[in-house]
Amino acid sequence: MTDFFDALETRDPADREADLLQMLPLQVAHAKLASPALAEILQDVDPAQVSSRAALARLPVTRKHELLEKQLKSRSAQGNVFGGFSVESFGLRMPRVFASPGPIYEPEGTARDYWRMARAMFAAGFRSGELIHNSFSYHFVPAGSMMETGAHALGCTVFPGGTGQTEQQVLAMADLQPAGYIGTPSFLKIILEKALEMGVALPSVTKAMFGGEAYPPSLRDWFSAHGVAGYQCYATADVGSIAYETTAREGLVLDEGVLLEIVRPGTGDPVADGEVGEVVVTTLNPTYPLIRFGTGDLSAVLPGSCPTGRTNTRIKGWMGRADQTTKIRGMFVHPGQVDQIAKRFPEVTRARLVVTGEMANDVMTLKVETACSGPDNLSNKLLDAMREVTKLRGQVELLPPGSLPNDGKVIEDARSYK
């Protein structure tokens with residue numbers, strides 16, 4: 001059995017760089033020709049000249065909030081839900097479309113392993129002929145389909161467990177005996193704790209690939225103590241797989257289908273290797289050709305190559321957000337969503353979303369200032385609005401005017417990552 005998904009993983013780094021930079025001008029030309037949004041963004045760019053890292057760094061960065069703004073503007077003006085970024089339109093070449101919080105709409109193309117997840121699954125120990133229990137969501141967000149299409153490309157069968165219904169998840173695992181689990185680490189922890197409570201053994205679940213949440217050493221040790229070797233993947237709904245963990249557990253190895261830059265937050269300027277900055281990704285995806293897409297995530301390049309023999313660049317993994325957009329229980333929550341909730345209630349003068357707790361046990365509290373001493377049902381109405389807008393449950397705290405800090409923060413991430 002080979003230790004690598006394919007020969008690309010062990011290429012000489014110089015050969016990989018040459019291959020990527022050879023394809024880059026072609027992708028820029030394709031994006032400029034086929035994507036109206038990128039034709040506008042790159043209108044003064046000669047694709048043939050974008051054949052080096054330095055040339056790439058001179059192109060504009062499109063960040064998630066700008067993608068949302070362009071989509072909103074395009075929807076109202078032209079009826080184009082993708083803001084002109086997608087090359088394809090609804091029909092046979094776009095089997096699915098998804099919505100992430102914002103909402104930001106993402107197309108799914110027809111290419112085999114469209115989101116490029118099979119490589120990460122292989123690194124996590126999954127092999128052709130196995131059954132995978134997929135507990136990522138299958139509705140709205142693309143996570144469920146991302147993992148399923150990757151598993152199919154790897155040659156695996158998938159049980160679409162989705163989210164919730166913990167007891168049924170346990171019973172399905174007990175009956176089907178999957179080779180492992182794919183989903184958020186917090187949900188597998190809940191499933192395994194429920195299995196212990198029910199007295200149900202799950203001996204087949206010895207490996208897992210996690211995404212959607214941070215995976216701190218304390219949680220990794222908890223799974224190890226319960227017989228599960230869990231590995232991280234780093235992906236986004238916009239660009240698919242970016243990097244993945246290996247058995248070396250020394251950072252995350254970049255996917256072979258992306259060009260990664262680490263830039264100084266708020267700029268497009270690449271930082272020195274080892275310096276923490278924002279992850280900016282250029283994909284070679286012809287359906288959704290995002291050029292210099294700013295993920296809003298912080299990370300840094302690690303020196304050297306992976307001890308497993310994979311030669312691609314490694315990054316430290318997720319190190320926080322470059323903006324106030326925050327991932328809570330696998331879902332992004334934007335400052336604009338907090339503002340959207342607050343504006344529904346004239347009695348609310350200021351609002352701040354505070355996320356506390358330890359990783360995999362997030363507590364989301366909406367703190368609002370109001371001059372009313374006890375508005376009828378305001379807390380319940382705010383709870384309903386928070387669930388509707390963010391798709392997450394939380395709690396509400398009513399405060400007198402002047403209670404919240406005057407520091408410009410709309411979302412405060414006060415979780416412990418130890």
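The following exercises, with worked solutions, concern a predicted model.

**Exercise 1. Classify the burial of Arg116 and identify the polar partners of its side chain.**

Step 1. Locate the residue: Arg116 sits in the loop that runs between strand S3 (104–108) and helix H5 (118–123).

Step 2. Apply the burial cut-off. Buried means under 20% relative accessible area. Arg116 has a relative accessible area of 16%, and is therefore buried.

Step 3. List the contacts. Leaving aside residues up to four places away in sequence, Arg116 touches Val239, Gly240, Ser241, Asp255, Gly257 and Val258.

Step 4. Select the polar partners. A polar atom of the Arg116 side chain lies 2.4 Å from the backbone oxygen of Ser241. The side chains of Arg116 and Asp255 are joined by a polar contact of 2.8 Å.

**Exercise 2. Compare the surroundings of three salt bridges: Asp238 with Lys64, Asp339 with Lys343, and Arg344 with Glu388.**

Step 1. Recall the principle: side chains of opposite charge can pair when their charged atoms come close. The structure holds 27 salt bridges.

Step 2. Consider Asp238 and Lys64, whose side chains meet at 2.6 Å, N to O. This pair links distant parts of the chain, 174 residues apart: Asp238 is in the loop between strand S8 (229–236) and strand S9 (240–245), and Lys64 is in helix H4 (residues 64–78). Both Asp238 and Lys64 are buried.

Step 3. Consider Asp339 and Lys343, where the closest N and O atoms are 3.0 Å apart. Exposed means over 50% relative accessible area, and partly exposed lies between the buried and exposed limits. Asp339, at 36%, is therefore partly exposed, whereas Lys343, at 65%, is exposed.

Step 4. Consider Arg344 and Glu388, which meet at 3.2 Å, N to O. Arg344 lies in the loop between helix H10 (335–342) and strand S18 (348–356), while Glu388 belongs to helix H11 (residues 378–390), 44 residues apart. Arg344 is partly exposed at 37% relative accessibility, and Glu388 is partly exposed at 47%.

Step 5. Turn to shared partners: one salt-bridge network joins Asp6, Glu9, Arg116, Arg119, Asp255 and Arg310.

**Exercise 3. Characterise the interface between domain 1 and domain 2.**

Step 1. Set the bounds: domain 1 covers 13–321 and domain 2 covers 326–413. Their centres, taken over C-alpha atoms, are separated by 29 Å. Eleven residues from domain 1 and ten residues from domain 2 take part in the contact.

Step 2. Assess the area. About 1,100 Å² is buried between the domains, with carbon and sulfur atoms giving 72%. Pro101, Gly212 and Arg321 supply 38% of the area that domain 1 buries against domain 2, more than any other three residues.

Step 3. Count the polar links: there are zero salt bridges between the domains, and one residue pair is in polar contact across the interface.

How values were computed. Residues numbered from 1 in each chain as written. Predicted model: local features only at pLDDT ≥ 70, side-chain atom pairs only at ≥ 80, totals over all residues. Heavy atoms only, no water. Helix = DSSP H or I, 4+ residues; strand = E, 2+ residues; numbered from the N terminus. Buried < 20%, exposed > 50% of the residue type's maximum accessible area, 1.4 Å probe, protein only. Polar contact = N/O pair within 3.5 Å; in protein donor to acceptor, adjacent residues only side chain to side chain. Contact = heavy atoms within 4.5 Å. Domains from an automatic or database assignment. Buried area = accessible area lost by both parts, 1.4 Å probe. Salt bridge = Lys/Arg side-chain N within 4 Å of Asp/Glu carboxyl O.
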